[in-house]
Amino acid sequence: FIAPIATAADDEPITLEELQQLDPFPEFYDEMSPDGRLDWLNSQIGQATTAVERYNFQRALAFEHFFNFRNSEAQGICQSTPPLSFDLRYRFACIQASDVSYEKRVDSFFELYKSAIEADDKTMAAQVLTSMGWYQSGKGDIAAAFKSYEEALSMGESLEFFALNDAMVNTASLYIIHGDKEYIRKGIELHKQSIERIKKRAGEDPEFADVSRAAMIIPQFNIGIAYALHTFEYEKALEWFEIVNKSDTEIPHLKLSSILFSALSAVELGRTQVAEQYLAHSYDEPVVNNTEFSYLYCYRELIKYKLGQEADLDLCLPLHNNVPLEVKIDVYKRISNLDDKAIKYAGMEQFYKLFNEKLESQLKQSSTSVASTAELHRVQQESRLRNELLEKEIALKEAQRERREDQIRLVVAIAFILLLLVVITIIRLNQKRRLAKQYEDLSVLDVLTGLKNRRFLEQNIGREMSFIKRSQANQDGHALGIYLLDIDHFKHVNDTYGHEAGDQILTEFAN
């Protein structure tokens with residue numbers, strides 16, 4: 001989506017100065033409804049007389065679709081009216097709305113990052129890095145994600161309050177998603193600190209009051225997610241989700257997510273009526289047409305199943321490739337713990353595939369070690385947000401000391417990780433061999449009686465019949481006998497003494 005030269009679709013040259021000189025949108029624009037803004041923009045596109053006006057209204061239309069999570073519509077505008085090379089914000093939106101491979105999107109992010117650096121736009125560069133880091137995290141590239149956030153945090157002295165706060169909030173979210181118990185707690189605490197910083201900023205500057213309320217919604221929601229999906233403290237999760245539920249946020253997927261995870265938390269706590277109320281309320285929210293958030297409808301079906309309602313769990317098996325790794329792990333674990341054996345084994349199969357592809361334990365260990373570097377930068381930048389500036393000489397000496405210590409720790413950590421990887425590899429190979437043998441045995445055995453099942457018959461009957469045919473052809477006198485055994489009055493036993501007694505009779509009969 002990067003235009004090679006700064007020209008519009010009709011080949012009329014457009015400059016940055018021309019875009020900046022355009023009259024701003026009328027005051028009533030922000031007061032209009034989303035549909036009203038779309039109608040107004042389409043009418044302005046039809047009335048535009050110059051290339052720069054048409055381009056400006058088209059990009060505004062793309063922003064409207066993108067901010068309301070209509071990525072396919074935004075992508076169509078990005079393709080028909082490609083962003084100009086200097087139009088960094090429009091390029092940023094088009095990359096995020098695109099439906100391309102992981103590698104292509106990361107490459108596009110990196111090219112935009114270089115353009116932002118060349119334009120000396122540190123805020124845009126940091127936004128690109130944090131978005132790229134979030135995308136890398138969702139695809140399981142944890143080390144690269146932390147590196148992106150580390151680079152964004154290193155720009156802290158050049159960023160305005162909310163840009164720096166966003167980078168720190170997203171770093172805290174990575175601690176929760178990919179860290180161990182210690183880092184999960186650290187991530188929750190950092191989110192709470194972010195909320196307090198925003199409240200303090202709003203108190204100091206009333207002009208930021210509305211922006212501050214919107215900025216607090218994300219960390220509040222993320223704290224609820226941490227309690228619901230990572231520490232399983234559903235009571236605390238409900239408290240934080242309720243804050244989001246009562247807010248006036250205009251982010252469609254966030255409100256629907258909060259309501260559904262409220263229902264999930266309630267059903268896990270055994271509060272059936274509360275869960276049913278949240279579930280019913282979820283149908284009042286707008287439909288989210290975005291593959292990245294398609295998992296929301298999987299959670300809805302999972303909640304219905306736990307409530308004893310008719311549910312379609314095929315929406316979860318498998319989840320879309322764009323769904324973040326964190327969600328896939330949680331969904332497949334929950335399905336693997338259900339009572340229905342068919343659904344349970346289907347969930348276990350998906351989780352096993354995911355486990356083989358991502359190696360969850362290794363991701364946890366590697367991300368925790370890499371996170372320490374990002375934590376150092378976060379701590380340094382937090383001091384700036386509290387207006388506690390350090391003297392340059394002290395900071396330089398401290399940095400030199402930390403570099404020396406980091407080098408020592410790095411050598412020790414690399415040696416430890418290499419040894420750990422060798423041990424893990426050996427353990428995993430042994431586990432896989434044992435698991436494969438167990439799966440092979442289970443596939444041909446009846447769980448109750450230990451007798452061979454229908455699959456065993458299907459696997460062996462062809463071979464037996466071939467042997468008999470050869471025997472008959474050679475006149476060796478072999479024959480095949482099939483015995484059908486029936487237990488008399490077995491139904492009477494089940495009806496009189498219960499199915500557990502019937503199971504004991506079947507087991508004894510099999511013995």
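The protein chain contains 22 helices and zero strands, where helices (H or I, at least four residues) and strands (E, at least two) are DSSP runs numbered from the N terminus. The model is a predicted one, in which local features need pLDDT of at least 70 and side-chain atom pairs count only at pLDDT 80 or more, whereas totals for chains, interfaces and linings use all residues. Residues are numbered from 1 along each chain as its sequence is written, and side-chain values use heavy atoms, with hydrogens and water left out. Of the 511 residues in the protein chain, 42% are buried, a term that denotes under 20% relative accessible area, with exposed meaning over 50% and partly exposed lying in between (1.4 Å probe, protein chains only). Among the contacts in the protein chain with a separation of 6 or more, 60% are made by residues 24 or more positions apart, contact being defined as heavy atoms within 4.5 Å.

Two disulfides are counted in the model, under the criterion of a pair of cysteine sulfur atoms within 2.5 Å. With bonded cysteines counted along the chain, the disulfides follow the pattern 1-2, 3-4. In one of these links, the sulfur atoms of Cys78 and Cys94 are 2.0 Å apart, and the angle of -85° about the S-S bond makes the link left-handed. This pair links distant parts of the chain, since Cys78 belongs to helix H4 (residues 71-80) and Cys94 to helix H5 (residues 88-97), with their positions 16 residues apart in the numbering. Cys78 and Cys94 are both buried.

A further disulfide is formed by Cys298 and Cys316, with their sulfur atoms 2.0 Å apart, and here the angle of 110° about the S-S bond gives a right-handed link. Because Cys298 lies in helix H15 (residues 295-306) and Cys316 in the loop between H15 and helix H16 (325-336), the pair ties together parts that are 18 residues apart in sequence. Cys298 is buried, with a relative accessible area of 1%, and Cys316 likewise counts as buried, at 0% relative accessibility.

Helix H4, which holds Cys78, has as its buried residues Asn71, Ala74, Gln75, Ile77 and Cys78. Viewed down the axis of H4, these residues fall within an arc of 160°, so they line one face of the helix; the arc is that of the directions from the helix axis to the C-beta atoms. The exposed residues Ser72 and Gln79 are carried on the face of H4 turned away from its buried side, while the cover over the buried residues of H4 includes helix H3 (51-67) and H5.

Helix H5 also packs against helix H7 (residues 122-138), their axes coming within 11 Å and crossing at roughly 5°, where axes are lines fitted to C-alpha atoms, for helices over the stretch in contact, and angles run from 0 to 180 degrees between N-to-C directions. H5 and H7 are therefore roughly parallel to each other, given that angles under 35 degrees count as roughly parallel, over 145 as roughly antiparallel, 65 to 115 as roughly perpendicular and the rest as oblique. At this contact, Leu88, Arg89, Phe92 and Gln96 in H5 meet Met124, Gln127, Val128 and Ser131 in H7.

Helix H8 (residues 142-154) comprises 13 residues and reaches 18 Å from its first C-alpha to its last, close to the 18 Å expected at 1.5 Å a residue, the expected span being 1.5 Å times one less than the number of residues. Its buried residues are Ile142, Ala145, Phe146, Ser148, Tyr149, Ala152 and Leu153. These cover an arc of only 155° around the axis, which puts them on the same side of H8.
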